Amino acid sequence: LTVTNACGVNEYCQTITVTIPSWAVILDVGESMGVAGSTVAVPITVENLSNIVSLAGSLQLSDPFVGTITGLVPGAITPTYGAASNTFSFFEATGNGVPLNDGNILFYVAVDLIGNPGDEADLIIWNTPLAVEVGGIVNGIPTILQHVQLKGKVVIPHTATANGAIVTFE
């Protein structure tokens, strides 16, 4: 922390550790990479949620020159995607919820990569225009749950990996 005023500059440094409470639902955006012109599927996984009833929110790429969000691919749930605003929503109509385990992939975000080698962009679940909301079952009752979102990324690497037989001719 650096504070500056008429008396001068005062600086204070300290390492802090931030932990996520064990009761908070974690929405974890993964990482995917591919070449420009390809579409990658970025997984959205969940922790600390055994039964999902609803989910809503908005998606954003930190750099629109790296890629474009084009839709969602189902996983454990099949959310509806609003392309005009990059929003998503899911509602399990019976109220019984969809059973989950830690690490389950809720769905994938499809991103068309349009940048250059070396480019990358954060993929974020955020509250604008549609606020993030997670609904689960608590004591048999559908309930809105506290949650955190961890950002992910898409990457257009400088190099590629080739598998199989590689033949060169001179």
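1. In this predicted model, Ser32 stands opposite Val154 of strand β16. That contact belongs to a parallel pairing: strand β4 (residues 31-33) and strand β16 (residues 152-155) are joined by three bridges.

2. Strand β16 has another partner. Strand β12 (residues 120-126) pairs with β16 over four bridges, in the antiparallel sense. Here Asp122 has Lys153 of β16 as its bridge partner. So follow β16 with care: β4 runs parallel to β16, while β12 runs antiparallel to β16. Strands of a sheet pair through backbone hydrogen bonds, and both directions are possible.

3. Next, the open sheet. Five strands make it up, in the order β7-β11-β5-β3-β15, and the pairing is mixed. Its edges are β7 (67-74) and β15 (147-150), each of which pairs on one side only. From one strand to the next, the twist averages 20 degrees.

4. How many bridges join β7 to β11? Seven, and the two strands run antiparallel. One place to look is Gly67, which stands opposite Leu113 in β11.

5. Now the aromatic side chains. The structure holds one aromatic pair. Phe88 and Phe107 form this pair, with 5.3 Å from centre to centre and 50 degrees between the planes. The pair counts as tilted, because the angle is neither under 30 degrees, as for stacked rings, nor over 60, as for edge-to-face ones.

6. Where do the two rings sit in the chain? Phe88 is in strand β9 (residues 87-91) and Phe107 in strand β11 (residues 105-113). They are 19 residues apart, and the pair links distant parts of the chain. Strand β11 is also the one that pairs with β7.

7. Are these rings buried or exposed? Phe88 is buried, with a relative accessible area of 1%. Phe107 is buried too, at 0%. Across the chain, buried residues make up 35% of the 170 residues.

8. As for the chain overall, there are zero helices and 16 strands. Why call the chain more spread out than a compact globule? Its radius of gyration is 20 Å, and the globule rule gives 15 Å for 170 residues; the value is well over the rule, so the description follows. The C-alpha trace spans about 70 × 60 × 30 Å along its principal axes.

9. Two totals round off the note. Of the contacts with a separation of 6 or more, 76% come from residues 24 or more positions apart. The chain exposes about 10200 Å², and carbon and sulfur atoms supply 55% of that area.

How values were computed
Residues numbered from 1 in each chain as written. Predicted model: local features only at pLDDT ≥ 70, side-chain atom pairs only at ≥ 80, totals over all residues. Heavy atoms only, no water. Phe/Tyr/Trp six-rings, centres within 6.5 Å; stacked < 30°, edge-to-face > 60°. Buried < 20%, exposed > 50% of the residue type's maximum accessible area, 1.4 Å probe, protein only. Pairing = 2+ DSSP bridges. Rg over C-alpha atoms; globule rule 2.2 N^0.38 Å. Contact = heavy atoms within 4.5 Å. Areas by Shrake-Rupley, 256 points an atom, 1.4 Å probe, with all protein chains shown as cover. Axes fitted to C-alpha atoms, helices over the stretch in contact; angles between N-to-C directions.
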